[in-house]
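Hello,

Here is the structure we talked about. Please have a look, then read the notes below.

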Amino acid sequence: MSKLIIVAGVSGSGKTTIGKLLAKKLNLPFEDADDYHPEANVEKMKAGHALNDADREPWLKILAEKLTEWKTQGGVVLACSALKESYRKTLSSKSDAKWVFLDGSFEVLKSRLTSRKNHFFKPVLLHSQIETLEEADYGIHVSIDQTPEEITEEILHKLDS
């Protein structure tokens, strides 16, 4: 049985950190959805402009295909913002991924983004992600107000239940 786990949340929530820890614990490869953005998206965000649905559509289609591929290879832990339900449906269209949502306050997220260096996502764009975010009423929800190790252990426990 393959394992596909998508760690989702807005920028600054710790998707990459938690995803890598989770992948290591589950002995699965880790992938960062940001690595699959078309260059035009990266440049747009570097310039301080928010992406829209049209910008995200080709990126999401690439990721949906990659999830199918990763499923046949035994699974993956994917860090991906997946802010809207329509985005999550696109990603789930060809896979049976389990969703993990990292939840945190605006203040904590902004603080993390401000201290992050050399990343194309600018803290000024956090408002656009918060406004775009559609909370899911399914999956595993974990507060980011814990250490990465505590968050990972909570996710592992909930995956087993």
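A word on terms before the details: two residues are in contact when they have heavy atoms within 4.5 Å. Please also keep in mind that this is a predicted model.

First, the overall picture. The protein has 7 helices and 5 strands. Along the sequence they run β-α-β-α-α-β-α-β-α-α-β-α. The C-alpha atoms fill a box of roughly 40 × 35 × 30 Å along the principal axes. The radius of gyration is 15 Å, which agrees with the value near 15 Å for a compact globule of 161 residues.

Contacts reach far along the chain. Of those between residues at least 6 apart in sequence, 75% join residues at least 24 apart.

Next, burial and surface. Buried residues account for 43% of the 161. The accessible surface is about 8300 Å², and carbon and sulfur atoms hold 52% of that. As for charge, there are 22 positive and 25 negative ones, and their mean positions lie 3 Å apart.

Now one element, helix H2, which spans residues 39-46. Which of its residues are buried? They are Asn-41, Val-42 and Met-45. These residues cover an arc of only 100° around the axis, so they sit on the same side of H2. An α-helix has 3.6 residues a turn, so residues three or four places apart point the same way. Glu-39 and Ala-40 are exposed, on the other side of H2. The cover over the buried residues of H2 includes helix H3 (53-72). After H2 comes Gly-48, with a positive phi near 90°.

Best wishes

Terms used. Residues are numbered from 1 along each chain as its sequence is written. This is a predicted model: local features need pLDDT of at least 70, side-chain atom pairs count only at pLDDT 80 or more; totals for chains, interfaces and linings use all residues. Side-chain values use heavy atoms; hydrogens and water are left out. Helices (H or I, at least four residues) and strands (E, at least two) are DSSP runs, numbered from the N terminus. The radius of gyration is taken over C-alpha atoms; the globule rule is 2.2 Å times the number of residues to the power 0.38. Buried means under 20% relative accessible area, exposed over 50%, partly exposed in between (1.4 Å probe, protein chains only). Accessible areas come from the Shrake-Rupley method with a 1.4 Å probe; for residues, only the protein chains shown count as cover. Lys and Arg count as positive and Asp and Glu as negative; His and the chain ends are not counted. The place of a charge is taken as NZ of Lys, CZ of Arg, CG of Asp or CD of Glu. The arc is that of the directions from the helix axis to the C-beta atoms.
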